[in-house]
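Here is a short note to read with the structure open beside you. Take the points one at a time, and look for each part in the model as you go.

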Amino acid sequence: MIELTQIGAHLIFIGIAFFLVGLIQGALIPAAKNSRMALSGHLTAVQCAMALAIFGIIWSLVELPYYLEVFAAYGSALGFILIWIGITFASLTGASKALPIAGAGFSANLSAEIMLKVLVGIGSLLSLITCALLVFGLLPLLSS
């Protein structure tokens, strides 16, 4: 039986708030320097928001030591948000080296390019680690 945990409730709230931010960003796409990158930011926000809400719903099924559970939950939220911030930053500055498909035809100064690489790199690594932990935390479901 799935029950709502405190961490699950936090993830659902973060996810729904993040979804709202993504919807607002969608309305602002034409105002960005790189509208293709802004569309990527909008889609990243709404997709990651839905993932966080789903994580919250199923969180009572996750079996991890408490410190890993907290890290996986809030680390995944932080990782997704860092990726979104990086993409949104790139849409406003024209930074494109770390995201060459959506950034094709745009460029920015070196500090903006480095900032984009740091935000997207840390966010991606954090998301990968925390989602892998989530998979391991859900493995006991297979033996039930």
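The points below start with the whole chain and then turn to helix pairs, record annotations and single residues.

1. **What you are looking at.** Please keep in mind that this is a predicted model. The protein has 4 helices and 0 strands, so if you follow the sequence from start to end you will read the pattern α-α-α-α. Along the principal axes, the C-alpha atoms occupy a box of roughly 50 × 25 × 20 Å. Of the 144 residues in the protein, 42% are buried.

2. **The H1 and H2 pair.** Start with helix H1, which covers residues 6–27, and helix H2, which covers residues 35–58. Their axes are 7 Å apart, and the packing angle is about 160°. Angles over 145 degrees count as roughly antiparallel, and therefore H1 and H2 are roughly antiparallel to each other. The crossing of H1 past H2 is left-handed. Which classes of residue make up this contact? Between H1 and H2 there are 17 nonpolar and 8 polar residues, with no charged residues.

3. **The H3 and H4 pair.** Now find helix H3 at residues 66–93 and helix H4 at residues 110–138. The axes of H3 and H4 come within 7 Å, crossing at roughly 150°. That angle makes H3 roughly antiparallel to H4. Here, too, the crossing is left-handed, with H3 passing H4. The contact of H3 with H4 is made up of 21 nonpolar and 9 polar residues, and no charged ones.

4. **What the record adds.** An unreviewed UniProt entry gives the feature "transmembrane region" at residues 12–31, 43–62, 74–93 and 114–139. You can hold two of these spans up against the model. Residues 12–31 are 80% helix and 0% strand, and the C-alpha atoms at the two ends are 30 Å apart. For residues 114–139 the chain is 96% helix and 0% strand, with its end C-alpha atoms 38 Å apart.

5. **Two residues of H2.** His42 sits in helix H2. Is His42 buried or exposed? With a relative accessibility of 15%, His42 counts as buried. Try locating Leu28 as well: it is 14 residues from His42 along the chain, and their C-alpha atoms are separated by 9.3 Å. Val46 also belongs to helix H2, and at 9% relative accessibility Val46 is buried. The partner to look for here is Leu23, which is 23 residues from Val46 in sequence, while the C-alpha atoms of the two are 7.2 Å apart in space.

6. **The cysteines.** A disulfide is a covalent bond between the sulfur atoms of two cysteines. How many disulfides does the structure hold? The count is 0. Cys48 takes part in no disulfide, and the nearest cysteine sulfur to its own, that of Cys131, is 8.6 Å away. Cys131 is likewise in no disulfide, with the sulfur of Cys48 as its nearest cysteine sulfur. The cut-off for a disulfide is a pair of cysteine sulfur atoms within 2.5 Å. As for surroundings, Cys48 is buried at a relative accessible area of 13%, whereas Cys131 is partly exposed at 24%.

Key: Residues numbered from 1 in each chain as written. Predicted model: local features only at pLDDT ≥ 70, side-chain atom pairs only at ≥ 80, totals over all residues. Heavy atoms only, no water. Axes fitted to C-alpha atoms, helices over the stretch in contact; angles between N-to-C directions. Parallel < 35°, antiparallel > 145°, perpendicular 65-115°, else oblique. Left-handed = near helix turned anticlockwise from the far one by under 90°. Nonpolar A, V, L, I, M, F, W, Y, C, P; charged D, E, K, R; others polar. UniProt positions renumbered as here; feature names shortened; annotations may be inferred. Buried < 20%, exposed > 50% of the residue type's maximum accessible area, 1.4 Å probe, protein only.
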